[in-house]
Amino acid sequence: MRHYPAGVTIVTLQHDGRPVGFTATSFASLSAEPPLISFNIAETSSSIEAMLAADSLVVHFLGDHQHHLAQRFSRAAEERFADDSLWTSLDTGEPVLNDTPIWVRATVRQLLPIGDHTLVIGLVTRVHDNTDDQPIGAPLLYYNGSYHRPRSLE
């Protein structure tokens with residue numbers, strides 16, 4: 001699957017009063033009505049326990065200017081939120097990453113264990129989009145083990 005490009009997201013949530021987050025490249029839109037999203041998390045992830053206990057989460061759609069965040073959230077769990085200047089908390093408690101042009105908050109609707117992963121299905125309850133119909137940059141892609149930005153074929 002490393003030869004199939006994927007958009008990069010970071011999923012954040014709160015667990016026992018602490019921020020938790022991880023990089024996810026399996027994000028997908030499932031339904032417009034109701035607005036449902038999905039992503040997978042590995043059973044071996046350091047965030048799996050928190051994800052299984054979560055009621056809500058935030059999915060951040062990363063731009064190419066945020067590849068440093070994708071790398072940070074792929075490293076050891078204790079490093080992910082070590083820099084307080086990178087994030088704040090929503091009034092509902094979930095951590096949100098600063099300077100992320102688009103993110104969605106969702107309540108956890110269903111958790112489905114499948115193979116060595118859990119499929120998370122969320123109901124979108126809030127959308128943040130400050131792109132003003134003009135993206136700040138290209139979306140961040142993950143392909144063949146590294147991060148990329150798409151380029152137009154036109």
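Two strands are taken to pair if DSSP finds at least two bridges between them. On this basis, the predicted model contains an open sheet of seven strands, arranged in the order E3-E2-E6-E9-E10-E5-E4 with antiparallel pairing. The edges of the sheet are formed by strand E3 (18–24) and strand E4 (28–31), each of which pairs on one side only. On average, neighbouring strands of this sheet are turned by 35° against each other, direction ignored. At the E4 edge, three bridges connect E4 to strand E5 (residues 36–42), and the two strands run antiparallel. Within this part of the sheet, Ser-29 stands opposite Ile-37 in E5.

The largest pocket encloses about 340 Å³ of space. Its lining comprises 14 residues, among which Met-1, Tyr-4, Ala-6, Thr-25 and Tyr-142 lie nearest the centre of the pocket. Two or more lining residues are contributed by each of E3 and strand E11 (141–143). Classified by residue type, the lining of the largest pocket consists of eight nonpolar, five polar and one charged residues.

Gln-66 is located in the loop between strand E6 (56–61) and helix H2 (67–72). The relative accessible area of Gln-66 is 2%, and this residue is therefore classed as buried, the limit for that class being under 20%. When neighbours within four places in sequence are left aside, Gln-66 is in contact with Phe-61, Asn-98, Asp-99, Thr-100, Pro-101 and Leu-140. Of these contacts, Thr-100 is separated from Gln-66 by 34 residues in sequence, while the C-alpha to C-alpha distance between Gln-66 and Thr-100 is 8.1 Å.

Methods: Residues are numbered from 1 along each chain as its sequence is written. This is a predicted model: local features need pLDDT of at least 70, side-chain atom pairs count only at pLDDT 80 or more; totals for chains, interfaces and linings use all residues. Side-chain values use heavy atoms; hydrogens and water are left out. Helices (H or I, at least four residues) and strands (E, at least two) are DSSP runs, numbered from the N terminus. Axes are lines fitted to C-alpha atoms, for helices over the stretch in contact, and angles run from 0 to 180 degrees between N-to-C directions. On a 1 Å grid over the protein atoms alone, a cavity is a set of points where a 1.4 Å probe fits but cannot get out, and a pocket is an open set with protein on both sides within 12 Å along at least five of seven lines; lining residues have an atom within 4 Å of a point. Grid points are joined across faces, edges and corners, and a volume is the space filled by probe spheres set on the points. Ala, Val, Leu, Ile, Met, Phe, Trp, Tyr, Cys and Pro count as nonpolar, Asp, Glu, Lys and Arg as charged, and the others, Gly among them, as polar. Buried means under 20% relative accessible area, exposed over 50%, partly exposed in between (1.4 Å probe, protein chains only). Contact means heavy atoms within 4.5 Å.
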